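Let's take a walk through this structure, stopping at a few spots that are easy to miss when you scroll past them. Keep the viewer open and follow along.

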Amino acid sequence: MKLTGAQIFVECLKEQKVEVLFGIPGGVLLPIFDVLYDAPIKFILARHEQGAAHMADGYARVTGEVGVCIATSGPGATNLTTGLATAHMDSIPMVAFTGQVATSLIGNDAFQEADTTGITRSITKHNYLVKDVKNLAKIIREAFYIARSGRPGPVLIDLPADVQKAVTEFSSSGKKVEIRSYKPNCSGHLQQIKKAVELISKSKQPVIYAGGGVVLSGGSKQLRELAEITQIPVTTTLMGMGSFPSNSELFLGMLGMHGTHYANFAMQRSDLIIAVGSRFDDRITAKIDAFAPQARIIHIDIDPTSISKNVKVDIPIVGDVKNVLKKLNEIVLQEKDKFRKNRLEKWHGQIKKWKEVNPLKYKKDDKLRPQFIMEKIHEATKGKAIIVTEVGQNQMWAQQFYKYDYPRHFLTSGGLGTMGYGFPAAIGAKIACPEKLVFDIAGDGSFQMNIQELATAAQNKIAVIVVVLNNNCLGMVRQWQELFYKKRYSATLFSGNPDFVKVAEAYNLEGLRITKKEEVEPALKKAIAMKKTVVLDFHIEKEENVFPMVPAGVPLDEIISGLA
Amino acid sequence: MRHTIVVLVENKSGVLARIAGLFSARGFNIDSLSVGETEDSTISRMTIVVRGDEQILEQVMKQLNKLIDVIKVSDFLNVSHVERDLVMIKVKANSSTRSEILQIVDIFRAKIIDVSAKTLIIEMTGNKGKIEALIKMLQPFEIEELARTGIIAMSRGMNKTKIENK
Ligand SMILES: Cc1ncc(C[n+]2csc(CCOP(=O)(O)OP(=O)(O)O)c2C)c(N)n1
């Protein structure tokens, strides 16, 4: 049948089972929006394209499906870029569409023209400029395939105005996409896996270091099996939170700059690190020359470029984490006698001691403390909520003092550290999982970076609970200035913050101010009972800090505890 | 270490920018880069000559492989192969110097492809060493313009840089 480019766009989205599209229209996208008007796809009208991109990202993170967003040419496309870069750094499957000026005008500095494929080349997994409507369906199918396969990531398709209007033959396709130049290796080399098992069986002080790849591959169950049969303790990265149950004896919490003492000690003293879907980022290794000096390293990752990039690896295993762990566990089970339960007794004893001496802690006085708020949120939600964060201290407190037991329940901009990510991502998550409680744990700075999305929440009746940990400053930067720049608070203190309760009310949403410890529980109860977005404005101390902390440039076990 | 890297890519716009971007983003200087269609018109072949730290180069090779439009990447460092570079040199020539230049051209088995009252254009194919020797010999006559294609390379015998096993 003959269809226009705009119609093909919608047909292909249906083919990919896209239920929700996030975005903002514009001149060059009019043909597409006209078709969308009566298409069976829910359109969420954002208030800023960055918001739309983060919504698609949040939707993707909780579902594991491809999140889809759309923006107009020029400023619409440039506004999307932060969202694309955020998704790219965290390997989130997304397809973004942008309008483009007509093909005949490209390169002429036409109205609202930007070189979108040029601008986004390094912040997408791949991108396309569609120059002929005949290629449109193929490109959209490829884009979805590329976004979700291998190491996932965002793919952008730039759609000129005339291509949307041009007509061509279209037939729906159930065929698998084949790209000769793109064949991700998912299975993992058996010989390498056998070598890994051998090394694991001989180790005396092993640690599993699990990252976002475990969540992305759906390998949490396999990770737990591996840890349980081998009795190896597990630490996760920020992106890996929830891939391993926090209530397990084997769990060490997060490692790295704001990781626990015991996770960092265990890494530094280990004789074997089993890296699973993680990438030895600089927030993890701290001073790289001093990182885990005695450890041999097994590295399981789908992306060969992640392996031996920052640290040299002894046994690389390229493959999908879930597939590789399945095989690895099979072999471990076959050789069970090499993995006697008590063989790591001494190591477990050591770790237990570290845990006792240096637990995560905070000052328990009658002040309203963010750590206490997080604990109360955990209590009120029984650990079942989806917690989305902004960036800064809020992000670290959210990570440290809420316990994560399930994958896809902790959403945060780990790689790029994008302030303003949390609130729109929480909206996307709530749309994907309406039956779940969704919290955005925010700083007053970050929340104001995409606060306009309150209108999106109001218009679409989306109930997200925004927890503003309001310290009236850019807390994390202020903390560094306090510790390393003699408290010279250069451009980090706010005056002029709005009344967040009134802001919420102005959007016809709810707002509550909490200034005392005893108000926390009732406020949370109230917020949870309300079926619309609530902004909880928690007034906390300006000079509250995140500890433990490993400052930049020192070894991972040179930790500032903070509390006297 | 100098590496000659041969990359087979989809013959599409944007591919060159992606590859150049990989090198430039890491501050890698490319000695030479040449691109052209292959026996299959949907595939282009790039020959990239770079110098750099082995570990970084290994990372770049992996990154090249990761690009969606890249079909195959081979490093010719330990592969028996031939390399050629084509150069065109416009050199000043008058009645008193012309015959001396012609002699040099002869010795190098180069070719004259253009003659004017004041200049000659000399074409030669060869490896880096030979081309540099020719340039050196011609410098005293004053080189007006010089253009090189950059190295292209091919493995010897039946070792084919084909598209299987990315
Ligand atoms: C878009 C963006 N701009 C700047 C930064 C640098 N930065 C990191 S944390 C931070 C402070 C965040 O302040 P706030 O959101 O109030 O959170 P808090 O640390 O106080 O919890 C800043 C400015 C960033 N990560 N992202």
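A:Gln231 has a relative accessibility of 17%, and since anything under 20% is called buried, this residue falls in that class. Keep in mind that we're looking at a predicted model here. You'll find A:Gln231 in the loop that runs between helix 10 (220-230) and strand 10 (234-236) of chain A. Its backbone is worth a look too: phi is positive, about 60°, although A:Gln231 is not a glycine.

Hop over to chain B and there's another positive phi in a residue other than glycine, this time near 80° at B:Glu142. That residue also sits in a loop, the one between helix 4 (128-138) and strand 8 (143-148) of chain B. Is B:Glu142 buried or partly exposed? Its relative accessibility is 44%, so B:Glu142 counts as partly exposed.

While we're on the backbone, go to A:Phe547 and A:Pro548. The peptide bond joining A:Phe547 and A:Pro548 is cis, with omega at about -5°. To locate A:Pro548, look in the segment that follows strand 20 (534-539) of chain A.

Now for the aromatic rings. Over all chains, the structure holds 16 aromatic pairs. One of them is formed by A:Tyr402 and A:Tyr404, a tilted pair with 5.0 Å from centre to centre and 40° between the planes. Both A:Tyr402 and A:Tyr404 are buried. Why does the pair of A:Phe447 and A:Phe500 count as tilted? The planes of A:Phe447 and A:Phe500 meet at 45°, with the ring centres 5.9 Å apart, so tilted is the right label for the pair. This one brings together distant parts of the chain: A:Phe447 belongs to helix 18 (residues 444-447) of chain A and A:Phe500 to helix 21 (residues 500-506) of chain A, 53 residues apart. A:Phe447 is buried at a relative accessible area of 1%, and A:Phe500 counts as buried at 1% relative accessibility.

Two more aromatic stops. A:Tyr209, A:Phe280 and A:Phe291 make up one aromatic cluster. Elsewhere, a charge meets a ring: A:Lys517 lies over the face of A:Phe372, 4.9 Å from the ring centre.

What about the cysteines? The disulfide count over all chains comes to 0. Take A:Cys69, which is in no disulfide: the nearest cysteine sulfur belongs to A:Cys12 and is 17 Å away. A disulfide is a covalent bond between the sulfur atoms of two cysteines. A:Cys69 is buried, at 0% relative accessibility. A:Cys473 is buried as well, with a relative accessible area of 2%.

Last, let's look for empty space. How many cavities of 30 Å³ or more does a search of the whole structure find? The search turns up 1, and its volume is about 140 Å³. Lining this cavity are 14 residues, and those nearest its centre are A:Arg61, A:Ile92, A:Val215, A:Met239 and A:Phe410. By class, the lining splits into 8 nonpolar, 3 polar and 3 charged residues. Helix 9 (212-217) and strand 16 (410-411) of chain A each contribute at least two residues to the lining. The largest share, 3 residues, comes from helix 9 of chain A.

Definitions and conventions:
Residues are numbered from 1 along each chain as its sequence is written. Chains are lettered from A and ligands numbered from 1 in the order in which they are written. This is a predicted model: local features need pLDDT of at least 70, side-chain atom pairs count only at pLDDT 80 or more; totals for chains, interfaces and linings use all residues. Side-chain values use heavy atoms; hydrogens and water are left out. On a 1 Å grid over the protein atoms alone, a cavity is a set of points where a 1.4 Å probe fits but cannot get out, and a pocket is an open set with protein on both sides within 12 Å along at least five of seven lines; lining residues have an atom within 4 Å of a point. Grid points are joined across faces, edges and corners, and a volume is the space filled by probe spheres set on the points. Helices (H or I, at least four residues) and strands (E, at least two) are DSSP runs, numbered from the N terminus. Ala, Val, Leu, Ile, Met, Phe, Trp, Tyr, Cys and Pro count as nonpolar, Asp, Glu, Lys and Arg as charged, and the others, Gly among them, as polar. Rings of Phe, Tyr and Trp (its six-membered ring) pair if their centres lie within 6.5 Å; planes under 30 degrees apart count as stacked, over 60 as edge-to-face and the rest as tilted. Buried means under 20% relative accessible area, exposed over 50%, partly exposed in between (1.4 Å probe, protein chains only). A charge sits over a ring if NZ of Lys or CZ of Arg is within 6 Å of the ring centre and within 35 degrees of the ring normal. A disulfide is a pair of cysteine sulfur atoms within 2.5 Å.
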